[in-house]
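Here is a set of short exercises to work through with the structure open beside you. Try each task before reading its solution.

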Amino acid sequence: MTSAPSPADRSRTVRDFARSELFDRTFREGMELVEETAAYLDGEGRRDSKMLSRAAALAYAAESMKLTTRLMQIASWLLVQRAVREDDMSPETACEPRYRLNERRIDAEPSHAELPIALIEYLVRSEKLFDRTLYLDRRMYSDDPEQTPENPVLSQMGMLEAAFRG
């Protein structure tokens with residue numbers, strides 16, 4: 001049975017992640033997705049939504065709210081990690097529940113068949129990024145190592161990153 005990490009170990013893990021190439025890539029991807037999505041929703045997405053039936057337009061509004069909420073959760077989490085990196089926040093503070101991600105409800109499929117494909121693509125990309133970010137959150141902050149299922153792809157990526165670092 002594995003015990004919970006000590007506060008010093010957890011702080012080191014959080015700080016190491018915040019200074020890693022994996023964080024840099026995830027941060028860049030997250031912020032780019034936020035910008036792309038905002039541009040879509042304010043431009044092409046607005047035009048797309050005006051051409052939808054009433055039922056599809058309501059579904060579009062609901063899905064775009066889910067999308068923006070999910071992206072803001074990701075961005076907030078990433079900004080906390082950046083604050084740790086820049087010594088604006090301690091790793092101990094970053095461990096507080098208010099800075100953690102909550103599990104997301106899995107939607108089987110979009111709520112309406114007429115939704116624009118671009119919106120669906122943004123939804124899928126945000127879900128994948130949220131899942132990866134949630135995985136990282138659980139790996140760094142969870143007291144219960146058994147709570148975090150092993151993700152073979154991410155563990156392989158971690159081993160590769162460690163191998164190339166030193």
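pLDDT is the predictor's confidence in each residue, on a scale from 0 to 100. Keep it in mind throughout, since this is a predicted model.

**Exercise 1. Confidence**

Task: Find where in the protein chain confidence is lowest and where it is highest.

Solution:
- Begin with the chain as a whole: the average pLDDT is 86, and 80% of the residues score at least 70.
- Next, go to the low end, which is helix α7 (residues 152-165), with a mean of 58.
- Then go to the high end, helix α2 (residues 21-42), at 97.
- Finally, a reading tip: where pLDDT is low, the predicted coordinates should not be read in detail.

**Exercise 2. Helix α2**

Task: Work out how the span of α2 compares with the expected one, and which helices its buried residues pack against.

Solution:
- From its first C-alpha to its last, α2 reaches 32 Å over 22 residues, close to the 32 Å expected at 1.5 Å a residue.
- At the start of the helix, a side-chain oxygen of S20 comes to within 3.4 Å of the backbone nitrogen of L22.
- The buried residues of α2 include F23, F27, L33 and Y40.
- As for partners, the buried residues of α2 pack against α1, α3 (44-50), α4 and α6.
- Now zoom in on L33, which sits in helix α2 and is buried, at a relative accessible area of 2%.
- Leaving out residues up to four places away in sequence, L33 touches L71, Y122, R125, S126 and L129.
- Take L71 from that list: L33 and L71 are 38 residues apart in sequence, but their C-alpha atoms are 8.0 Å apart in space.

**Exercise 3. Aromatic pairs**

Task: Count the aromatic pairs, then decide whether F17 with F23 is stacked or edge-to-face.

Solution:
- With ring centres within 6.5 Å as the cut-off, the count comes to 4 aromatic pairs.
- For F17 and F23, the ring centres are 5.6 Å apart and the planes stand at 75 degrees, so the pair is edge-to-face.
- Check burial: F17 is buried at 8% relative accessibility, and F23 is buried at 1%.
- Turn to Y40 and Y122, whose ring centres are 5.3 Å apart with planes at 35 degrees, so this pair is tilted.
- That pair links distant parts of the chain, with Y40 in helix α2 and Y122 in helix α6 (residues 117-141), 82 residues apart.
- Both Y40 and Y122 are buried.
- To finish, group the rings: F17, F23, F27 and W77 form one aromatic cluster.

**Exercise 4. Salt bridges at D87 and in α1**

Task: Identify which parts of the chain are tied together by the salt bridge between R15 and D87.

Solution:
- Over the whole structure, a search finds 15 salt bridges.
- R15 and D87 form one of these, their closest N and O atoms being 2.9 Å apart.
- R15 lies in helix α1 and D87 in the loop between α4 (54-85) and α5 (91-94), so the pair ties together parts that are 72 residues apart in sequence.
- R15 is partly exposed at 25% relative accessible area, whereas D87 is exposed at 54%.
- The side chain of D87 also meets that of R19 in a salt bridge, at 3.8 Å from N to O.
- R19 lies in the loop between α1 and α2, so its pair with D87 ties together parts that are 68 residues apart in sequence.
- For a contrast in sequence separation, look at R12 and D9, whose side chains meet in a salt bridge at 2.5 Å, N to O.
- R12 and D9 both lie in helix α1 (residues 7-18), 3 residues apart, about one turn of the helix.
- An α-helix has 3.6 residues a turn, so residues three or four places apart point the same way.
- R12 is partly exposed at 45%, and D9 is partly exposed at 35%.

**Exercise 5. R138**

Task: Decide whether R138 is buried or exposed, and name the residues in its salt-bridge network.

Solution:
- Locate R138 in helix α6.
- Apply the cut-off for burial, under 20% relative accessible area: at 11%, R138 counts as buried.
- Its side chain makes a polar contact of 2.4 Å with the side chain of D137.
- Widen the view to the network of salt bridges, which links R100, E103, D137 and R138.

Technical notes. Residues are numbered from 1 along each chain as its sequence is written. Side-chain values use heavy atoms; hydrogens and water are left out. Helices (H or I, at least four residues) and strands (E, at least two) are DSSP runs, numbered from the N terminus. Rings of Phe, Tyr and Trp (its six-membered ring) pair if their centres lie within 6.5 Å; planes under 30 degrees apart count as stacked, over 60 as edge-to-face and the rest as tilted. Buried means under 20% relative accessible area, exposed over 50%, partly exposed in between (1.4 Å probe, protein chains only). A polar contact is a pair of N or O atoms within 3.5 Å; within protein, one must be able to donate a hydrogen and the other to accept it, and residues adjacent in sequence count only if both atoms are side-chain atoms. A salt bridge is a side-chain nitrogen of Lys or Arg within 4 Å of a carboxyl oxygen of Asp or Glu. Contact means heavy atoms within 4.5 Å. The expected span of a helix is 1.5 Å times one less than its number of residues.
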